[in-house]
Amino acid sequence: YRIQQNTIQPIRVETKEGIVRIGENTLQEAAKVIVSDANVLPEAAFCLPIVAQQVGQPVGLQFALDWDENLLDLEEVKLNNALFDSDNISIYNAETAGRLRFVWTDIIELNSINLQDSITLLELCFQANGEIGTQTTVSFEESTPFEAIQLDNEGNIQPIAVELKNGVINFLTNNVDVLPGDTDVDGEVSHYDLINIGLGHGETGPARANASLAFTPQAAEDWANSTPITNINYKHADTDGNGLIDRDDLLAIEQNWTLAPTLFNTVVTEDGIPFYVDIDTVRLVENQQVPVILGAADQLAKDIYGLAFSIYYESEAMLENGFGVSTEQSWLGTSEELIQVQRFFPAEKRVDVAISRIDQNGRDGFGELLALDIVMEDVILFEPGDIEFRIDHVKAVGDVEQNITFNTKDDQDKQSLTNTNQQVVPKIKIYPNPATDVLYINSKDLDIQQIEVYDLFGRLLLQYTASEQIDVSAWKSGLYFIHIKTDQGNMSKKINIQ
């Protein structure tokens, strides 16, 4: 009701039924057991908490953890004695190096413990042996299933559904000096260094005294902020040392790019995000754009902020300059919202590419992430399988640097572009070129099945059956592609009509 002109009047109100879902955790955080992340210095000692959130009141817990024994040496296990009675707990770590098994239950009394809040179950204390700029994980070991059990109202044992999260250990440097271009402090400069510039774009801090782009250690004051997860001070992303992270900081990457950079190993899973070069869109033109696809309509790429990766190809049809990269149609953002770098390595037939947003906001999407600007040779003859593209060495982050996995397996990343059948070339003559009235086609010992005419944009204009001459007098002046299908292969040739 409301008071209007000193009288009580009803207020028209729409109502909506409430839904109560039985068995769902609608008012509190989902039950989780988390291996904490850590940023550590090489050779440093540190302890890694294992935390339970909203697990409830279990009467038993079992899980196993493993790690790379070459990078982490376990020195001590610190148990939360306020939770556990040592008589009811077992910890095994002697049977296999790099593995620990935890078992707890009160077998006699079946007493429970309260894990409603974020509570540290135990801590694993390690000696760190990793190299600067690398990372490793402490993970839940899959062969020993995680089990959390509780008693229902009738005293029967029931499982507790719990989400698990592995911990990431990043090995950092305590070096206060900046190497221009080396934003991830791994001692190298490559496309991977673009990502921290994207994450820190717009950040400001103390300018570097006597700054230059020369790849020599330069003293710099720490800035107030660092990258979200790897905790690398943003002073390293200010490669030109002017106190602002912006597009100009890409120059140091271009100038100081390592000739043989260390490449990440791609994390590939069956349910990872599709990531591949879409060869099906190739047209019969010399200059063309081939999309690189990330995500699918039924499998969105979520919270994508930046990616660095390598594209390999197998072909002799490309010129020595390889191919360029265009982001004009990218779903990740406009050219004003993105930064990118690339470097061609002809000996390896590889292009290293990085692309990142600059506004600290990840994006969901699918489709064309970028396009490859490919320059092909003048004559392209089409037989399947002569050009293959493969994506590998992917490092990707969301707006908070979370790890992202991909599906770049053979059914997606090794699609083939058709190329030259050298056996057909000398048997077909197309003349004159340029032509004005008639175009003659002489095919020695070949059965021509079809002739197709395309414009420079790959659009089919005309089709002919077997013919020894074509009237071109009515064609507009310009360049065309004549594509000829024969019983021994196919060929295309560029023709100038005057």
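Arg357 is buried in this predicted model, because its relative accessible area is 2%, under the 20% that sets the limit for a buried residue. The side chain of Arg357 nevertheless has a charged partner, for a salt bridge connects Arg357 with Asp359, and their closest N and O atoms lie 2.6 Å apart. Asp359 is partly exposed, because its relative accessible area of 31% falls between the limits of 20% and 50%. The pairing does not stand alone, since Glu337 is linked with Arg357 and Asp359 in a network of salt bridges.

Eight salt bridges are found when the whole structure is searched, and two others can be described alongside the network. One of them brings together the side chains of Arg350 and Asp352, with an N to O distance of 2.7 Å, and here both Arg350 and Asp352 are buried. Another is formed by Arg390 and Asp392, where the closest N and O atoms are 3.1 Å apart; Arg390 is partly exposed, because its relative accessible area is 28% and so lies between 20% and 50%.

From charged pairs we turn to the covalent cross-link. The search of the whole structure finds one disulfide, which joins Cys47 to Cys125 with an S to S distance of 2.1 Å. Distant parts of the chain are linked by this pair, with Cys47 in strand β5 (residues 45–53) and Cys125 in strand β10 (residues 119–128), 78 residues apart. The link of Cys47 and Cys125 is right-handed, with 100° about the S-S bond. As for the surroundings of the two cysteines, Cys47 counts as partly exposed because its relative accessibility is 32%, whereas Cys125 counts as buried because its relative accessibility is 6%.

How far the coordinates can be read depends on the part of the chain in question. The mean pLDDT of the chain is 79, and 78% of the residues score at least 70. Among the elements of the chain, helix α2 (residues 250–256) has the highest mean pLDDT, 96, while strand β29 (residues 416–419) has the lowest, 36. Over residues 15–28 the pLDDT is below 50, and this stretch has four contacts in the model beyond near neighbours in sequence. Residues 410–425 also have a pLDDT under 50, and for them the model has 54 contacts beyond four places in sequence. Where pLDDT is low, the predicted coordinates should not be read in detail.

Technical notes: Residues are numbered from 1 along each chain as its sequence is written. This is a predicted model: local features need pLDDT of at least 70, side-chain atom pairs count only at pLDDT 80 or more; totals for chains, interfaces and linings use all residues. Side-chain values use heavy atoms; hydrogens and water are left out. A disulfide is a pair of cysteine sulfur atoms within 2.5 Å. Helices (H or I, at least four residues) and strands (E, at least two) are DSSP runs, numbered from the N terminus. Buried means under 20% relative accessible area, exposed over 50%, partly exposed in between (1.4 Å probe, protein chains only). A salt bridge is a side-chain nitrogen of Lys or Arg within 4 Å of a carboxyl oxygen of Asp or Glu. pLDDT is the predictor's confidence in each residue, from 0 to 100. Contact means heavy atoms within 4.5 Å.
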